[in-house]
Amino acid sequence: MSFTVNLAKVRGMCAGVDRAIKIVERTLELYKDRKVYVYHEVVHNRHVVDDLRNLGAVFVESLDEVPDRSVLIFSAHGVGIETFKRAEAKDLHIIDATCPVVKGIHHKMNRASKLGLDAVVIGHKGHQEVIGTIGQYTGPLNKVHVILTKEDVDELNIDGKNAFFATQTTLSVDETKLTVEALKKKYPLIQGPVDDDTCKATQVRQNAVRELAMCSDIVLIAGSANSSNSNRLKEVALSVGTRAFLIDDYTQLKDEWFENVSSVGLSAGASAPEYVVDDLVNYLLSHGADSVIPIGSDFKEKSFPLPKELL
């Protein structure tokens with residue numbers, strides 16, 4: 001049985017991810033005679049991490065693994081102030097690959113701390129971006145509250161007249177909207193963004209997948225299991241009522257997914273390389289697909305410059 005492949009026009013790597021990867025690649029070029037360490041996965045994608053590891057990057061989960069006076073790159077998700085200070089104390093040559101959008105939230109969080117405001121962070125507890133954002137708050141930690149759903153708002157007990165909120169950049173746009181609405185209803189004077197901090201790249205990719213899911217029997221999302229934005233894309237497709245699967249690459253496809261299917265939607269998370277999508281398209285074309293149809297509107301991606309020291 002043949003099927004069509006509906007390919008989302010807006011997909012794959014965002015500007016922050018592209019910048020972070022280029023930072024690691026450029027650093028490896030400039031410091032060929034030294035080991036280059038990366039604190040956590042620079043972005044949450046197995047293929048990207050493997051590619052950079054093959055180029056020589058050494059990924060670590062603790063600063064204790066990094067010898068003093070080494071070259072260290074902070075990932076796109078960002079880190080807290082104390083982590084930065086610990087790295088400086090080890091006399092490390094620090095190169096910061098934090099996404100500029102995330103960096104903007106860090107500045108606002110730090111300001112809230114200096115003003116002594118209660119800080120509400122809407123996001124997934126334990127996610128590296130959320131940990132880094134919380135880490136910008138230098139005041140008492142009992143004034144920082146991590147929530148996710150509108151139900152979590154009911155449990156909050158803060159001084160709404162002296163409060164601030166921020167959100168993880170890769171959340172579900174629809175679900176985050178409900179949480180923000182509940183938060184503002186309970187605390188009308190709370191400070192924060194007009195809507196939320198979900199980045200534009202996340203929003204347009206979710207909108208594209210929603211459109212994709214409405215014209216496809218199943219949807220495939222190229223991305224790793226630990227990628228927040230990729231998981232949200234899968235959830236968007238499921239919310240439309242379309243079966244959806246998150247896969248690292250074509251090797252994880254299963255024949256039974258395509259039984260009685262006439263159209264397959266395909267997109268990719270913001271940290272997935274385009275060659276993974278190309279491999280998926282080629283595999284599908286050699287296993288029953290008869291055409292590839294671009295779906296959705298075009299979107300001009302912004303770009304972020306590299307740090308001056310790498311230019």
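This is a chat about helix packing, salt bridges and a few single residues in a predicted model.

Student: Let's start with helices. At what angle do α8 and α9 pack?

Tutor: Helix α8, residues 200-213, and helix α9, residues 228-239, pack at about 35°. Their axes are 8 Å apart.

Student: And which hand is the crossing, left or right?

Tutor: Right-handed, as α8 passes α9.

Student: Which residues make that contact?

Tutor: From α8 you have R205, Q206, V209, R210 and A213. The α9 side brings R232, L233, V236 and A237.

Student: How does that split by class?

Tutor: The contact of α8 with α9 has five nonpolar residues, one polar and three charged.

Student: OK, what about α1 and α2? How do their axes cross?

Tutor: At roughly 10°, with the axes of α1 (residues 15-30) and α2 coming within 10 Å. That angle makes α1 roughly parallel to α2.

Student: Who's touching whom there?

Tutor: I21, V24, E25 and L28 come from α1, while V48, L52 and L55 come from α2. By class, the contact of α1 with α2 divides into six nonpolar residues, no polar ones and one charged.

Student: Switching to charges. How many salt bridges are there?

Tutor: The count comes to 17 salt bridges. As background, side chains of opposite charge can pair when their charged atoms come close.

Student: Stay with α2 for a sec. What does R46 pair with?

Tutor: R46 forms a salt bridge with D50, and their closest N and O atoms are 3.9 Å apart. The two residues sit four apart in helix α2, residues 46-55, so about one helical turn separates them.

Student: Does D50 have another partner, and which residue is it?

Tutor: R53 meets D50 in a salt bridge as well, at 3.2 Å from N to O. R53 and D50 are three residues apart in α2, so here too about one helical turn lies between them.

Student: Are R46, D50 and R53 buried, exposed or in between?

Tutor: R46 is partly exposed at 35% relative accessible area. D50 is partly exposed at 26%, and R53 is partly exposed at 42%.

Student: Which residues are in the network with them?

Tutor: D248 and D249. Together with R46, D50 and R53 they are linked in a network of salt bridges.

Student: What about a bridge between loops? Which residue pairs with D68?

Tutor: K90 does, with the closest N and O atoms 3.0 Å apart. D68 is in the loop between β3 (57-60) and β4 (71-74), and K90 is in the loop between α3 (81-89) and β5 (93-96), so the pair ties together parts 22 residues apart in sequence.

Student: And are those two buried or exposed?

Tutor: D68 counts as partly exposed at 40% relative accessibility. K90 counts as buried at 17%, because the cut-off for buried is under 20%.

Student: Any odd backbone angles? What's the phi of D91?

Tutor: About 60°, so positive, although D91 is not a glycine. For context, most residues other than glycine have a negative phi. D91 is in the loop between α3 and β5, and it is partly exposed with a relative accessible area of 48%.

Student: And N260? What's its phi, and where does it sit?

Tutor: N260 has a positive phi of about 60° too, and it is not a glycine. N260 lies in the loop between β10 (243-247) and β11 (263-268). At 71% relative accessible area, N260 is exposed.

Student: Now H44. Where is it, and is it buried or exposed?

Tutor: H44 is in the loop between β2 (36-39) and α2. It counts as buried, at 9% relative accessibility.

Student: What does H44 touch?

Tutor: Leaving out residues up to four places away in sequence, H44 touches H77, H127, Q128, S224, N226, S227 and S271.

Student: Last one, D118. Which strand is it in, and what does it touch?

Tutor: D118 is in strand β6, residues 118-122. D118 is buried, with a relative accessible area of 8%. Not counting residues up to four places away in sequence, D118 touches Y137, K143, H145, I158, D159, N162, A163 and F164.

Note on methods: Residues numbered from 1 in each chain as written. Predicted model: local features only at pLDDT ≥ 70, side-chain atom pairs only at ≥ 80, totals over all residues. Heavy atoms only, no water. Axes fitted to C-alpha atoms, helices over the stretch in contact; angles between N-to-C directions. Left-handed = near helix turned anticlockwise from the far one by under 90°. Contact = heavy atoms within 4.5 Å. Nonpolar A, V, L, I, M, F, W, Y, C, P; charged D, E, K, R; others polar. Salt bridge = Lys/Arg side-chain N within 4 Å of Asp/Glu carboxyl O. Buried < 20%, exposed > 50% of the residue type's maximum accessible area, 1.4 Å probe, protein only. Parallel < 35°, antiparallel > 145°, perpendicular 65-115°, else oblique.
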